[in-house]
Amino acid sequence: MVRMKHKWPQEGDLIVATVHKVLNYGAFAKLEEYPGEEAFIHISEVSAGWVKNIRDHVRENQKIVARVLRVNPKKGHVDVSMKRIREDQRTRKIQQWKIEQKAEKLLEFAAKSIDKDLDAAYDEVGYAMMDEFGDLYGAFEISAEEGADSLIERGMDEAWANAITKVAQKNISPPEVQITGYVDLTSYAPDGVEIIRTALKSINKDNITVQCVGAPRYRLLVKSADYITAETILKEAADEAIATVLEAGGEGEFHRELE
């Protein structure tokens, strides 16, 4: 169960909960991100339309996303609404919650690797990771891509940083984008075919794939961690191929495929 730093949600927050009791006038649901706490959904907050039978809209063991209306820590009351959120907000919150569930499991793996439990992980680094990176998964993504130093520089204990990074690099694939461009290469030299082959071979590297669309056009596919880097690699590769052909008296032109 993913844990939030604070014991109670704030008014306006979106929460994930599991319904455990449905009554004629409303339903009670356990808050997934706040262990031991529950929320109440009044029948008037279940759906935007008129609700004749609440069980047509909510049932036991149903996972819901709701907006917090009121919080009374002294009485232990949290009132929420299922109708005051858009479908895209509901979808995004569920996706975020699932990602954080994965991150918590990774945190537990990291903790076990240094003989600690999940409670200690949250107390010693978990809540701090949320403050620094916005959520647990963000910290794992950054450490997977940039290494343990990216955590140590932000004040994390070295043992924890190394444990988290090791788990992150084993379980998280770095983000990847792919863009496409084309080069038109023409050579009038007797050995023109070889000139073009040499030009293309020089740019056919690990992060670039060259495909023949049909002479004189060739497709360049570039994969990278971000669009800015990918665009730079694509343009430099195209320029290099064109320069090789121009030097031999041929012609070349670059075309960027719009996404």
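**Reasoning from values to terms**

Modeller: Thr-18 stands opposite Lys-30 in β2. The model under discussion is predicted. Thr-18 itself belongs to strand β1.

Biologist: Why is Thr-18 called buried?

Modeller: The relative accessible area of Thr-18 is 15%. Buried requires a value under 20%, so Thr-18 is classed as buried.

Biologist: Which residues does Thr-18 contact, apart from its neighbours within four places in sequence?

Modeller: The contacts of Thr-18 are Phe-28, Ala-29, Lys-30, Glu-32, Asn-61, Gln-62 and Lys-63. Lys-30 thus appears both in this list and as the residue opposite Thr-18.

Biologist: How do you know that β1 and β2 pair?

Modeller: Six bridges link β1 and β2 in the antiparallel sense. Pairing requires at least two bridges, so β1 and β2 qualify as a pair. The connection between these strands is a hairpin of two residues.

Biologist: What makes β2 and β3 a pair as well?

Modeller: Strand β3, residues 38-42, runs antiparallel to β2 and is joined to it by five bridges. The requirement is at least two, and therefore β2 and β3 also pair. One of the bridges sets Gly-26 against His-42 in β3. Six residues lie between β2 and β3 in their hairpin, and in that turn Gly-36 has a positive phi of about 85 degrees.

Biologist: Why is Tyr-25 called partly exposed?

Modeller: Tyr-25 has a relative accessible area of 46%. Buried means under 20% and exposed means over 50%; Tyr-25 falls in between, and is therefore partly exposed. Tyr-25 is located in the loop between β1 (14-23) and β2 (26-31). Not counting residues up to four places away in sequence, Tyr-25 touches Phe-40, Ile-41, His-42 and Ile-43.

Biologist: What does the UniProt record say about residues 12-83?

Modeller: An unreviewed UniProt entry annotates residues 12-83 as "domain: S1 motif". In the model, that span is 50% strand and 0% helix, with its end C-alpha atoms 13 Å apart.

Biologist: What makes the approach of Asp-135 to Tyr-137 a polar contact?

Modeller: At the start of α3, a side-chain oxygen of Asp-135 comes to within 3.4 Å of the backbone nitrogen of Tyr-137. The limit for such a pair of N or O atoms is 3.5 Å, so the distance satisfies the cut-off.

Biologist: Which residues of α3 are buried, and what covers them?

Modeller: In α3 (residues 136-146), the buried residues are Leu-136, Tyr-137, Gly-138, Ala-139, Phe-140, Ser-143 and Ala-144. Their cover includes α1 (87-113), α2 (118-133), α4 (149-152) and α5 (158-171). After α3 comes Gly-147, with a positive phi near 95 degrees.

Note on methods:
Residues numbered from 1 in each chain as written. Predicted model: local features only at pLDDT ≥ 70, side-chain atom pairs only at ≥ 80, totals over all residues. Heavy atoms only, no water. Buried < 20%, exposed > 50% of the residue type's maximum accessible area, 1.4 Å probe, protein only. Helix = DSSP H or I, 4+ residues; strand = E, 2+ residues; numbered from the N terminus. Contact = heavy atoms within 4.5 Å. Polar contact = N/O pair within 3.5 Å; in protein donor to acceptor, adjacent residues only side chain to side chain. UniProt positions renumbered as here; feature names shortened; annotations may be inferred.
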